[in-house]
Structures are given as structure tokens and as C-alpha cells.
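Colleague: Got a minute to walk me through this model? I'd like to hear about the empty spaces before anything else.

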Amino acid sequence: MTDVRYPFTAIVGMADLRLGLLLNAVSPAVGGVLVRGEKGTAKSTMVRALAGLLPSIATLDGCRFACDPAAPDPQCPDGPHAGAPSSSERPARLVELPVGVSEDRIVGSLDLERALAEGVKAYEPGLLAQAHRGVLYIDEVNLLQDHVVDLLLDAAAMGRSYVEREGVSVRHAARFLLVGTMNPEEGELRPQLLDRFGLTVEIAATREPAERAEVVRRRLAHDADPAAFAARFAEDERALAARITAARDLLAQVELTDAALRQITAVCAAFEVDGLRADIVMARTAVALAAWAGRTEVLTEDVRTAARLALPHRRRRNPFDAPGLDEEQLDRVLEEHAEQEPQPRPAPADAEGPGDDPDPEGGPDGDGPQDGGPDGGGGGRAPEPSGPDGPPLEPADPADGPDGAAPQPVPAQHPSPARESAPVAAGDPYRTRLFAVDGTGRGAQGRRSPAETDGGHTVRARRPRGRLARLHLSATLRAAAPHQVARGRSSRALVLHKDDFREQVRQGRESNLVLFVVDASGSMAARQRMTAVKGAVLSLLMDAYQRRDKIGMITFRGASAELALPPTSSVEVGAARLESLPTGGRTPLAAGLLRAHEVLRVERLRDPDRRPLLVVVTDGRATGGGRDAVAQSHRAAGLLAAQGVAGVVLDCESGPVRLGLARTLAGRLRATTVTLDELRADGVASLVRENRPTTNAARKAA
């Protein structure tokens, strides 16, 4: 059965996403679009539908790199394309990048064995070559390793891909429309990577029942008969494709006046955007907007829309900031720098422009609800993100307040017979010491613990495991040298066999799973103390974000422990959980440690290469669980130590008289003890011992 794409014009709502994609189709120089939104909002459906609207491209027959017959790439690995080779037309490709993709699969691979033994450049094109002059789509871009995202964005910015291995170099053109999608709940991209995307769009599912019904109605109709559904929107698709082509043709005639350029730079300066990339992207976007509207001059409205698409993701100053833009401030800046605008100039009469319709959405009306503009329904633009709002408070019984204190309000959603204090704000975050798991791991590339990685420095050589990717040249030559006479070498060229080749083993740093076990009991409820503790955990969360770690959080108070945050890459969610954390009740320390033991057991099955780092935040008291609460907590700590879990105990005890209970707990865990005062960075990196199993058989296995 032929795969029939869902029509672009059949998608209901999402005006900002529709506009962002169309502007990139008109002018790929805008730099791509990053789509941020919750799951199930048709992000992928709309991106895949866009490919069917792009104009067909002419390519040279036999060229694996889609060279344009009118201007072949002089550095094409399949070139030179001399004379007048035959050509043909084909649709623009949509190339999808899987999450677990390797670097060689992206940029292509060189057969180093043939290069050394036969002296030929045997190059297999990668996904960047396939996407040339088409669309490169990255679903869940925030789950890719940072060096892979860097590589993709470098190619998108330069329009060219480079492959270099041991002095063998290949390069080819790689110009494509870059689209990435992500769910912020699964973790953010670094600000440096966010900045490399031209535009960003926030989307959310519509809350309007009529529109939701129309979405379901159309999806069911498509699934029942894809061909008939596509035919129903075929005329709309052709009209939109023609408008894209006309806007592309008009693009070179659009004038960016000095007045419009001053507005653009004033807006970027007012919002304190780092660097000048935002100014350039806004200028290109405003020009594309004018061409899309069929005009040859950029207006203030184009600048306003360009700012709304190009600036929100460039406003983040730390990992806990949500992207956003103050539109009232934007309007003030535009008014301050506005000049008397000229009347819009239409496209020349002899040019087949996209028409005078200024509607930037461009989609024709469907059978159901109107798609809506950016301020309308349909989830076109998600509301500005806000910080976590705590649960509504209601008066508490006087008996519920802490001893000797005024009654405290109790969150209405979490009634508890135990004494409970309202959440207190966290202290300001600061730079913390580095805690790294000792030994050498094999986890995903990051910035915390030593590990064998694709990056880093070369520490030794070994025989290849699978396809040779990183040749260790000197080790290969040393392995082949003793056999040259026996192999009948008769010239200056070495005689190499497959067994001679050696690959590099590189050591860099990996990311870890940092699991926080936070004491939220009454002994931690003193307001100044909890503010300091939350500030310390917030600082460790920021450190985990910068080191590309996954994080999880367990809290314990009253009679039980709760997995407040399952392991995730989203430190923003972790910060929100921490901010709303109430305190009070007894201290079930054993329950918290046992819950940590279970969480780590499950995560070890899911991702065996990611080593855990346990961070226990407590004063060491254990009062929940009966008379033997202390013994129970020691037994639970012994289980974690026997599993080989590296740990840090953050000792929160304060006051002139200290019992040292947290240090005793650390001894049971075989963990490092750090006080709140010692947590701040002092230039010293702490290697946290990865506990080894104690039996002889286990030692041999390790």
C-alpha cells in the first residue's frame, strides 16, 4: 500500500507552527525551526506534511549528493561533473534522524581499511547528504547527545558537511530545512544549542471541544481512506505549494529598510539577547514574512512577528528559566523606534506573487472549525510558561503548627495528620564542587565521571569491535611492521591485513544518574535551614544540568517515601518539585533509602551503562518506623552499599551541638560526607568511590 501523507492544509489550528514552517520553506536561510510542545499535538504530522509542499528539485543522474545541474558542487565526492550530464526531477526528500543515531551515520563513513591498503577514498554518504536540498527532521532533538546536535547545527549553518579521519578528508554540500521537535518535560537543550535554531514555536493542544472534535473527525477519515482524504485537500495543497514557490521568487526583491533594521536591532538590544545571531535571524524572518504576504518592503508588523518567533528561546539566562517574551515590552520598543511607515508596495504586476492576502497562516479554510490566527484557538501559541503554583491553602488546626510556633497553613490537596509547614523558597543557587564516580564507565557522553567515550583523549589502542571508525595509525603500523618480509613486500607501500588494524580507545567524561533522596521531615522544617537546604539541592540540580546528567528525586517524611520525580533529563521539573516541597512529620529515613534502592534497581535494567550517584540530603535522624528506626536505616544503607552505589551525604545538621548522625549514615553507605558549608566550589573535585561487591566471585566479575 502506498504511504499517503496527511495533508498540510488538513491540520487544524497551530498557526504559529504553520507559519514557522512555511517561512523556512520560503527562506531556508532563516535557520530552521524548533517545535516545543506536549506529546500528542501533531508536531511530527505537520513536519512530515510540509515535505509534500516543497517544489521538486532537478538532480544530476548518478550523483549521490543531489547536485543541481545548473550549479554542480565543485567539491562533490562523485564529481567532477564535466560536460552536460543527464538530469532528472524528483520530490524534495524528508530525512528523519533517529534518536540513537551515530556520528558516522549522520556525516557518512570512510572505509579507512581500503584507504590505507588500496589508496582509495571509499566514502558512504550519510543522512546529511540525503537531506541536501530537502528537509532534515529530528524528532526528540533534546534527547540527542550534545556533540551530535552541534554537528548537525554546524552543517546547517555552513551548508556543508566535513568528514575527516586520519588525514583522509571528504566534504560535500549539505543545505536543508532543519526542523526539530521536543517535549520540554523530557529535558531542555542547552542555551548554546537553542540559539542555533532560527525560530522556535511553543504549541499545546486546543482546549476547545469543537476543535478537538474536528481534529478527531479528520484523523479518523484519513485512517479509513487515506487516498480519498488526501484528494479532498489536493486543490488546497496545490494552491499552498504555488504560494511557497511565488514567495521564493519574490524574496530577492524585498527591501529591508534602514528603519526596519533599526527596529530589529533595538528589539534585540532591549531584550538583552546575547550575540548578533538573533538580529540576523530576525532580519531574514522579517524579509520572508514580507515575501509571504506578497510585499516588497518590510513593515513593523513583520518585525513584531519575527521577534515573537526568533527571540523567546534566546531569553534564557539559566537552566530554570522558561522561554518567553514580554509582548508589551516588545510593542513599547517598536513604538519608540517607529517611523512613518510607507504604504505597502505590492509585488510587480509582471511577477506572479503570492497574492495580496496578508494572512500569514496561508492555509485554506477546511470543512471544520477555522484554523485560527496566532491569538485564536487551536493551540497556535501556548500561554507564557510560569513557575510552579503551589496547592491552594486552607486554615490549619492549631495543633498542626510546629511546637511553639503559630499555626501553619496546610495545602488543601495534601491533608496530613502529621505536623506540616508550607513550602519555603529556595536560597540562591551557587557553583558546587564536582562529585564524580570513581573508576572508568561506559555511559553516554557528559561532563561528570571518567569514561570511555567517542570524544576525549586517546589513552590506548585495541582491535576493532565491529566497523573501524577511529584508526590508531601508529598502533596499526606497529602491528603490521614485523610481517612485511613474510608478506612479500616489494615496494614502499605497506602490505596490510585486516588483523593489523587498531582503533583508538578514548577517555572523556560520562553523564550519570544523580538520584536525590531529600529529608522533608519536621527536623528539617526550620525556615532558614530549609531555605539553605533547598538552595543547596537547587545548586546541585544546576550542576547536574550542566554536566548532562539524568536526575531523580525521592522525598521522605511522615510515614513513607515518595518518588517525587522519576529519573528524567528535565532539571526544570526537578526545580519545580523542590520549590513546592512541604516539610513536617517524622523522619522515615529507612523508607527513603529503600525506595532509592528500588529505583536504582529498575534504572540499572533500563540503562545498565549509566552509573548512579546517590545524594542523600539529611541531618541523619531516623524517627519513623518504630523503635528500631535507626537499625532499619542502617540495614537499608547496607543494601545500597552492597549494590556498589556511589554516594554523597549532604549533612544538614546545624547548631552548636551536633550529633554526627549523617556522618554515621555515610559510613554505612560507604559514601562521602559534605556539610552545607563545604558544598560550595573550592576548585577541588571529589571522586566518589564506586563501592565494589564484597564477595570474591563478585570481585572477579567486576
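Modeller: Sure, and keep in mind that this is a predicted model. The largest pocket has a volume of about 1,200 Å³.

Colleague: Which residues are closest to the centre of that pocket?

Modeller: Leu144, Gln145, Asp146, His147 and Gln445 are the closest to the centre, out of 48 residues that line the largest pocket.

Colleague: And which helices and strands each supply at least two residues of that lining?

Modeller: On the helix side, you have H3 (103-107), H6 (146-158) and H16 (527-546). The strands are E8 (160-165), E15 (445-462), E16 (503-510) and E19 (560-568).

Colleague: Which one gives the most?

Modeller: That's E15, with five residues in the lining of the largest pocket.

Colleague: How does the lining of the largest pocket split by class?

Modeller: There are 22 charged residues, 14 nonpolar and twelve polar.

Colleague: OK, what about closed spaces? How many cavities of 30 Å³ or more are there?

Modeller: The count comes to two cavities of 30 Å³ or more. The second largest cavity holds about 90 Å³ of space.

Colleague: What lines the second largest cavity?

Modeller: Its lining is made up of Phe435, Arg448, Val514, Phe516, Leu540, Asp543, Leu613, Val615, Val648, Leu650 and Leu679. Two or more of the lining residues come from each of strand E17 (513-519), helix H16, strand E20 (612-618) and strand E21 (646-651).

Colleague: And by class, what does that lining have?

Modeller: Nine nonpolar residues, two charged and no polar ones line the second largest cavity.

Colleague: Switching to the outside: which residues form a nonpolar patch on the surface?

Modeller: Leu473, Leu477 and Leu494 do, and together they have about 210 Å² of accessible area.

Colleague: Where is Leu494 found?

Modeller: Leu494 sits in the loop between helix H15 (473-480) and strand E16.

Colleague: Why does Leu494 count as partly exposed?

Modeller: Because its relative accessibility is 31%, and partly exposed covers the range between the 20% and 50% cut-offs.

Colleague: One last residue, Gly552. Where does Gly552 lie, and is Gly552 buried or exposed?

Modeller: Gly552 lies in strand E18, residues 550-557. Gly552 counts as buried because its relative accessibility is 1%, and buried means under 20%.

Colleague: How far apart are Gly552 and Pro567?

Modeller: In sequence, Gly552 and Pro567 are 15 residues apart, while in space they are 4.2 Å apart, C-alpha to C-alpha.

Colleague: Great, thanks!

Definitions and conventions
Residues are numbered from 1 along each chain as its sequence is written. This is a predicted model: local features need pLDDT of at least 70, side-chain atom pairs count only at pLDDT 80 or more; totals for chains, interfaces and linings use all residues. Side-chain values use heavy atoms; hydrogens and water are left out. On a 1 Å grid over the protein atoms alone, a cavity is a set of points where a 1.4 Å probe fits but cannot get out, and a pocket is an open set with protein on both sides within 12 Å along at least five of seven lines; lining residues have an atom within 4 Å of a point. Grid points are joined across faces, edges and corners, and a volume is the space filled by probe spheres set on the points. Helices (H or I, at least four residues) and strands (E, at least two) are DSSP runs, numbered from the N terminus. Ala, Val, Leu, Ile, Met, Phe, Trp, Tyr, Cys and Pro count as nonpolar, Asp, Glu, Lys and Arg as charged, and the others, Gly among them, as polar. Patches are made of residues with over 30% relative accessible area and no salt bridge: like charges are joined within 9 Å, nonpolar side chains (Val, Leu, Ile, Met, Phe, Trp, Tyr) within 5 Å. Accessible areas come from the Shrake-Rupley method with a 1.4 Å probe; for residues, only the protein chains shown count as cover. A salt bridge is a side-chain nitrogen of Lys or Arg within 4 Å of a carboxyl oxygen of Asp or Glu. Buried means under 20% relative accessible area, exposed over 50%, partly exposed in between (1.4 Å probe, protein chains only).
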